[in-house]
Amino acid sequence: MRKEGLWDVVIAVKNSLKRLVDSTFGSGILLVCMLNAIQFSGHAQIRVGLQTDQTITNVLISPTEGAYVLTNATGDTIYRFRSDDAVSVSINGNNIIAKSAYGLNDTLSALYVLGSGNRPSFKMRPNSDMKDRVYYESVEIKGSNGRLNLINAVNMERYVSRVVQSEVGYGAADEYYKIQSIICRTYAIRNLERHALDGFDVCDHQHCQVYSGLKTPTEEVVKATAATAGLVMVSKENDLVLSAFHANCGGQTANSEDVWKESRSYLRSVKDTFCLKSRSATWEKQMPLSEFVTQLGFTSSTADSTWVWKHEDRKRHFSLNTDSVETTVMRRMLSLRSSFFDVVLNDGTISFAGKGYGHGVGLCQQGAMEMAQSGYTYSQILGYYYKGVSLIPINSLQPNK
Ligand SMILES: [Zn+2]
Ligand SMILES: [Zn+2]
């Protein structure tokens, strides 16, 4: 099923980055190297676990483009799809039952739905009552404990375009789609081991990246993905970048260690005026002082009748008399849109004047969108939010000997 082990490529990347960065990218300035980037898109596949957050007991599969066959666990072709054909696959214990209107009726341990042609795709309806989804290339189906396990082996760039379409939606600038393509690809390659025990690379829901099969990428998304094909972000320490992003930073992004404890050289706090006109740049929330004190477990604040906690920059801690709590913890405990806010107490009511939406680390999506609309290039924008990173085509790297 798998034409080239992506993890092999990643090992090669990790082994050779130091040499490459030392010799070529030593300045730490964001450099974009497009050499060979397109070649990468031709063969690397990623294995995506489909509907892993659901219990799937049956699927209906029908090709939409290209020629499709079914093979069994030993690689024998057991069925060729005709036009307007559909195969239903259901679980029976640990076995799979595959049936069609044209005489297929087999019980198997594993089933491979393999497409050929320029851009093979198939429609799949899981569990009869769910929406039809369209996927490219092939799917591997195995059964265990009364459920079907589905793995879509798909070209990396097709995967990226799908994820970008889901994440960004419609109407963004081309440069922004390129940014999200690089973020998505870097994330995917960085996380290839995440589901190693499950037999695939990444899952298709928010645990990894949303790859729903519901939205077909538009031509502009496909073009933006292709324009950055194979490019990933690496830090000045030669690591694949943790490509964190959030909706709106409220005017200043956060240091990674202030939110997640771990410090990373490229996840530094930066001032950002580009996102300030967006809808999510500010928020407000009010609650009774008693609720505020109880939820945070404060003991010393009730004696005061009025106070103001105001600041220009992001603060790591909120302090009140002898009580102190991290702003990120406050965000979680009080269900706030961000951990960047002013707080005022007046007449027994706490009022938050908040900034931004999300954790605040890495790229600010609404700021980056505005930068893209204003004519900045994707490499300039990535370099603004991720400090000292380089863009590298991963297939240009060779293992260190
Ligand atoms: Zn996952
Ligand atoms: Zn911002």
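Start by selecting residues 378–385: this is helix α10, and because 6 of its 8 residues are buried, it is largely enclosed by the rest of the structure. Keep in mind as you click around that this is a predicted model.

**Stop 1: around α10**

Within α10, color Y378, S379, I381, L382, G383 and Y385, which are the buried ones. What lies over them? Show α4 (174–190), β12 (231–234), β20 (363–364), α9 (365–373) and β21 (390–393), which are among the elements covering those buried residues.

**Stop 2: α9**

Now step to α9, one of the elements that cover α10's buried residues. α9 is mostly covered as well, with 8 of its 9 residues buried. To see them, pick Q365, Q366, G367, A368, M369, E370, M371 and A372. Which elements do these buried residues pack against? Bring up α4, β13 (245–246), β20 and α10 to find out. After α9 comes G375, so far as the backbone is concerned a residue with a positive phi, near 105 degrees.**Stop 3: β12 and its partner**

Go back to β12, which also helps cover α10. Both of its faces are covered: L231 and M233 on one side, V232 and V234 on the other, are all buried. That two-sided arrangement is easy to follow if you remember that side chains in a regular strand alternate between the two faces of the sheet. Next, add β21, which runs antiparallel to β12 and is joined to it by 4 bridges. For one pair to zoom in on, take V232 and its bridge partner in β21, I392.

**Stop 4: two helices that cross**

Hide those and select residues 156–168 and 219–227, which are helices α3 and α5. How do their axes cross? They come within 9 Å, at an angle of roughly 130 degrees. That makes α3 oblique to α5. The crossing of the two is right-handed. For the contact itself, show E157, V160, S161, V164 and Q165 on the α3 side, and V221, V222, T225 and A226 on the α5 side. Sorted by type, the residues of this contact are 5 nonpolar, 3 polar and 1 charged. Look at how the contact residues are spaced, and keep this in mind: an α-helix has 3.6 residues a turn, so residues three or four places apart point the same way.

**Stop 5: a four-stranded sheet**

Here is an open sheet of 4 strands, in the order β14-β19-β18-β15, with antiparallel pairing. Which strands sit at the edges? Select 282–288 for β14 and 307–309 for β15: each of these pairs on one side only. On average, and ignoring direction, neighbouring strands of the sheet are turned by 10 degrees against each other.

Zoom in on β14 and β19 (residues 349–355), an antiparallel pair with 7 bridges. One spot to label is P288, whose bridge partner in β19 is T349. Then switch on helix α7, residues 289–296, which packs on the sheet and touches β14, β18 (341–346) and β19. The direction of α7 makes about 95 degrees with that of β14.

**Stop 6: β9 and its two neighbours**

Select residues 138–144 for strand β9, which is mostly covered: 6 of its 7 residues are buried. Add β7 (residues 110–126), which pairs with β9 in the antiparallel sense over 4 bridges. Label L111 here, and then I141, its bridge partner in β9.

Now show β10, residues 147–155, another antiparallel partner of β9, this time over 7 bridges. K142 and N149 in β10 are bridge partners. Where does the hairpin of β9 and β10 turn? There are 2 residues between the strands, and in this hairpin N145 takes a positive phi near 50 degrees.

**Stop 7: R47**

Find R47 in strand β1, which spans residues 45–50. Is R47 buried or exposed? R47 is buried, with 20 other C-beta atoms within 10 Å. Now select G199 too: it sits 152 residues away from R47 along the chain, yet the C-alpha atoms of the two are separated by 8.4 Å.

**Last stop: the whole chain**

Zoom out and turn everything back on. The protein's secondary structure comes to 10 helices and 21 strands. Of its 401 residues, 43% count as buried. As for contacts with a separation of 6 or more, 71% of them are between residues 24 or more positions apart.

Key
Residues numbered from 1 in each chain as written. Chains lettered and ligands numbered in written order. Predicted model: local features only at pLDDT ≥ 70, side-chain atom pairs only at ≥ 80, totals over all residues. Buried ≥ 20, exposed ≤ 12 C-beta atoms within 10 Å, placed from the backbone. Contact = placed C-beta atoms within 7 Å. Axes fitted to C-alpha atoms, helices over the stretch in contact; angles between N-to-C directions. Parallel < 35°, antiparallel > 145°, perpendicular 65-115°, else oblique. Left-handed = near helix turned anticlockwise from the far one by under 90°. Nonpolar A, V, L, I, M, F, W, Y, C, P; charged D, E, K, R; others polar. Pairing = 2+ DSSP bridges.
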